[in-house]
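Please work through the exercises below with the sequence and the coordinates open beside you, trying each task before reading its solution.

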Amino acid sequence: QVQLVESGGGSVQAGRSLRLSCTASGSSYSSYCMAWFRQAPGKEREGVAVIDSLGQTRYADSVKGRFTISQDNAKSTLVLQMNSLKPEGPAMYYCAADRRCTVPMNYWGQGTMVTVSS
């Protein structure tokens, strides 16, 4: 089992930055694919960014060039650095992990709320 604990959500103004963190613990998480998802009220959950066990990353088109997903050297902390934030309503950002990058992923954090105001 893998436990994921998220932090860093909040309310920020458009154009500013926010850094989300996800701390992983449990068995074999260092070899897992990890990702960030988000879900706005009334909308489908969507993938934001993913990093596989080799450190390769992919991003949703809507965040390319603005968001960066990364891990620390021990792969115990997953980070989503969000720059040049655009105004939008609240969305829950979720940390997720899986042995492989499958959908749905097997392990999820509790989510952290992000709101970008104009």
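The exercises that follow deal with pockets, salt bridges, strand pairing and backbone angles in a predicted model.

**Exercise 1. The largest pocket**

Task: Determine what volume the largest pocket has, how many residues line it, and which strand gives the most to the lining.

Solution. Begin with the volume, which for the largest pocket comes to about 230 Å³. Next, turn to the lining, which consists of 17 residues, with A35, F37, G47, V50 and V103 lying nearest the centre of the pocket. Then assign the lining to secondary structure: β4 (33–39), β5 (46–51) and β6 (57–59) each supply at least two residues, and β5 gives the most, with 4 residues. Finally, sort the lining residues by class, which yields 13 nonpolar, 2 polar and 2 charged residues.

**Exercise 2. The second largest pocket**

Task: List the residues that line the second largest pocket, and find which strand provides the largest share of that lining.

Solution. The lining is made up of R38, Q39, A40, K43, E44, E46, E88, G89, P90 and A91. When these residues are assigned to elements, β4 and β9 (88–98) are the ones that give two or more residues to the lining of this pocket. The largest share, 4 residues, comes from β9. Sorting by class then gives 3 nonpolar, 2 polar and 5 charged residues for the lining of the second largest pocket, and the space in this pocket amounts to about 190 Å³.

**Exercise 3. Salt bridges and exposure**

Task: Establish how many salt bridges the structure holds, and decide whether R38 is buried or exposed.

Solution. The count is 2 salt bridges. One of them links E46 with R38, and the closest N and O atoms of this pair are 2.9 Å apart. To classify the two partners, apply the cut-off by which buried means under 20% relative accessible area. R38, at 11% relative accessibility, therefore counts as buried, whereas E46, with a relative accessible area of 36%, is partly exposed. Both R38 and E46 also appear in the lining of the second largest pocket. The salt bridge between K64 and D61 has an N to O distance of 3.1 Å, and D61 is exposed, since its relative accessible area is 64%.

**Exercise 4. Strand β11 and its neighbours**

Task: For strand β11 (residues 112–117), work out which residues form the covered face, and in which sense β9 and β11 pair.

Solution. Start from the general rule that in a regular strand the side chains alternate between the two faces of the sheet. In β11 the covered face holds T112, V114 and V116, while M113, T115 and S117 make up the uncovered one. Now take the neighbours in turn. Strand β2 (residues 10–13) runs parallel to β11 and is joined to it by 4 bridges, with V12 having V116 as its bridge partner. The pairing of β9 with β11 is antiparallel and extends over 4 bridges, and here A91 stands opposite V114. V116 and V114, the β11 residues named in these two pairings, thus belong to the covered face, and A91 has already been met as one of the residues lining the second largest pocket.

**Exercise 5. The open sheet**

Task: Give the strand order of the open sheet of 4 strands, and explain why one side of β1 and of β7 is left without a neighbour in the sheet.

Solution. The order is β1-β3-β8-β7, and the pairing is antiparallel. Because β1 (2–7) and β7 (67–71) stand at the edges and have a single partner strand each, one side of each lacks a neighbour in the sheet. From one strand to the next, the twist averages 15°. For a closer look at one edge, consider β7 and strand β8 (residues 77–82), which run antiparallel and are joined by 5 bridges; within this pair, Q71 has L78 as its bridge partner.

**Exercise 6. Positive phi outside glycine**

Task: Locate S28 and K75 in the fold, and state what phi is found for S28 and for K75.

Solution. S28 is placed in the loop between β3 (18–26) and β4, and although S28 is not a glycine, its phi is positive, at about 65°. K75 lies in the loop between β7 and β8, and its phi, near 60°, is likewise a positive value in a residue other than glycine. As for exposure, S28 is partly exposed, with a relative accessible area of 47%, and K75, at 23% relative accessibility, counts as partly exposed.

Methods:
Residues numbered from 1 in each chain as written. Predicted model: local features only at pLDDT ≥ 70, side-chain atom pairs only at ≥ 80, totals over all residues. Heavy atoms only, no water. 1 Å grid on protein atoms, 1.4 Å probe; cavity = no way out; pocket = protein on both sides within 12 Å on 5 of 7 lines; lining within 4 Å. Points joined across faces, edges and corners; volume = space filled by probe spheres on them. Nonpolar A, V, L, I, M, F, W, Y, C, P; charged D, E, K, R; others polar. Salt bridge = Lys/Arg side-chain N within 4 Å of Asp/Glu carboxyl O. Buried < 20%, exposed > 50% of the residue type's maximum accessible area, 1.4 Å probe, protein only. Pairing = 2+ DSSP bridges. Axes fitted to C-alpha atoms, helices over the stretch in contact; angles between N-to-C directions.
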